[in-house]
Amino acid sequence: MEVRPAALRVDVNPTGADQVTQRAPVSGFAPIGVGIDMVDIERFGALLKRRGSAKRRLFAPEELAYTDTLANPVPSLAARFAAKEAVMKALGVGLGSFDWGDVAVWRNPGGAPSLIVRGRAAELADGAGVANWLVSLTHTDSIAAATVVACA
Ligand SMILES: CC(C)(COP(=O)(O)OP(=O)(O)OC[C@H]1O[C@@H](n2cnc3c(N)ncnc32)[C@H](O)[C@@H]1OP(=O)(O)O)[C@@H](O)C(=O)NCCC(=O)NCCS
């Protein structure tokens, strides 16, 4: 049986049509760190309400450009906040290591997220040998979560 690298794996779905399930190319995406984080949406929404300046401090302009279009932005903001903490875990650093705005979730056409990493976070990533990032977000009415993979 032919064994393909996961990054090029093609699964056959029940309809018989081939479906690419992993989009990352083989080179440049060797995982060297992983992070996960969950955020309670009610608590996070209350924090944003209590501290009027928190939104601008926590989120980059490209994130707010998207979430400001939403009727209820809190779940998407909470997921983006989880992504920032997941990046800290993937880098093995903690709160205060970089500004919240150094990590931004970019929403690609079709909805898939990717990460923009800059400033001190980019310096830490360079030092750790991170060349690329993979990110996935989810949110319900009560919980938001993000998983981040740092790749060499
Ligand atoms: C991907 C999909 C199954 C996720 O469904 P879902 O259960 O409602 O998603 P969740 O609530 O768990 O998570 C929402 C997050 O999923 C992510 N997401 C959305 N679309 C995505 C996609 N195509 N690929 C990867 N992640 C996606 C986003 O980060 C989103 O958060 P945001 O809305 O705050 O940006 C659904 O959005 C979908 O079917 N989208 C259409 C994808 C598509 O057909 N794309 C065409 C090719 S470009």
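This note goes through the fold, the sheet, the nonpolar core, the ligand shell and one loop residue of a predicted model.

1. Overall make-up. The protein contains five helices and seven strands, and along the sequence these elements follow the pattern β-β-β-α-α-α-α-β-β-α-β-β. Of the 152 residues in the protein, 30% are buried. Among contacts with a separation of 6 or more, 58% are between residues 24 or more positions apart.

2. The three-stranded sheet. Strands S3, S7 and S6 form an open sheet in the order S3-S7-S6, and the pairing is antiparallel. S3 and S6 are the edge strands, each of them pairing on one side only, and from one strand to the next the twist averages 10°. As background to the pairings described next, strands of a sheet pair through backbone hydrogen bonds, either parallel or antiparallel.

3. Pairing of S3 with S7. Strand S3, residues 31-40, runs antiparallel to strand S7, residues 143-151, and nine bridges join the two. Two positions can be used to check the register in the viewer: Gly33 stands opposite Ala150 in S7, while Val34 has Val149 as its bridge partner in that strand.

4. Pairing of S6 with S7. Strand S6, residues 132-139, pairs with S7 over eight bridges, again in the antiparallel sense. Three residues lie between S6 and S7, which together form a hairpin. Within this pairing, Val135 stands opposite Val148 in S7, and both Val135 and Val148 reappear in the core described below, where they are among the residues that touch the most other members.

5. The helix across the sheet. Helix H1, residues 41-50, lies across S3, S6 and S7, and its direction is at about 75° to S3.

6. The largest nonpolar core. This core has 35 residues, and those touching the most other members are Ala78, Ala82, Ala83, Val87, Val135, Ala146 and Val148. At least two core residues come from each of H1, H4 (74-91), S4 (103-107), S5 (113-117), H5 (119-127), S6 and S7. H4 supplies the largest share, namely twelve residues.

7. Ala82 as an example from the core. Which residues is Ala82 in contact with, once its neighbours within four places in sequence are left aside? The contacts of Ala82 are Asp37, Met38 and Val39, together with Ala144, Ala145 and Ala146. Ala146, like Ala82, belongs to the group of core residues that touch the most other members.

8. The shell around the ligand. The residues around the ligand are Ser76, Ala79, Arg107, Gly110, Gly111, Ala112, Pro113, Leu137, Thr138 and His139. H4 and S6 are the elements that give two or more residues to this shell, with S6 giving the most, three residues. By class, the shell divides into four nonpolar, five polar and one charged residue. Both H4 and S6 also supply residues to the largest nonpolar core.

9. A loop residue worth locating. Ala131 is placed in the loop between H5 and S6. Is Ala131 buried, exposed or partly exposed? Ala131 counts as partly exposed because it has 14 C-beta neighbours inside 10 Å, whereas a buried residue would need 20 or more and an exposed one 12 or fewer. The C-alpha atom of Ala131 is separated by 7.8 Å from that of Phe29, although the two residues are 102 residues apart along the chain.

Terms used
Residues are numbered from 1 along each chain as its sequence is written. This is a predicted model: local features need pLDDT of at least 70, side-chain atom pairs count only at pLDDT 80 or more; totals for chains, interfaces and linings use all residues. Two strands pair if DSSP finds at least two bridges between them. Helices (H or I, at least four residues) and strands (E, at least two) are DSSP runs, numbered from the N terminus. A nonpolar core is a set of buried Ala, Val, Leu, Ile, Met, Phe, Trp, Tyr and Cys residues joined through C-beta atoms within 7 Å. Two residues are in contact if their C-beta atoms, placed from the backbone, lie within 7 Å. A residue is near a molecule or strand if its C-beta atom, placed from the backbone, lies within 6 Å of it. Ala, Val, Leu, Ile, Met, Phe, Trp, Tyr, Cys and Pro count as nonpolar, Asp, Glu, Lys and Arg as charged, and the others, Gly among them, as polar. Axes are lines fitted to C-alpha atoms, for helices over the stretch in contact, and angles run from 0 to 180 degrees between N-to-C directions.
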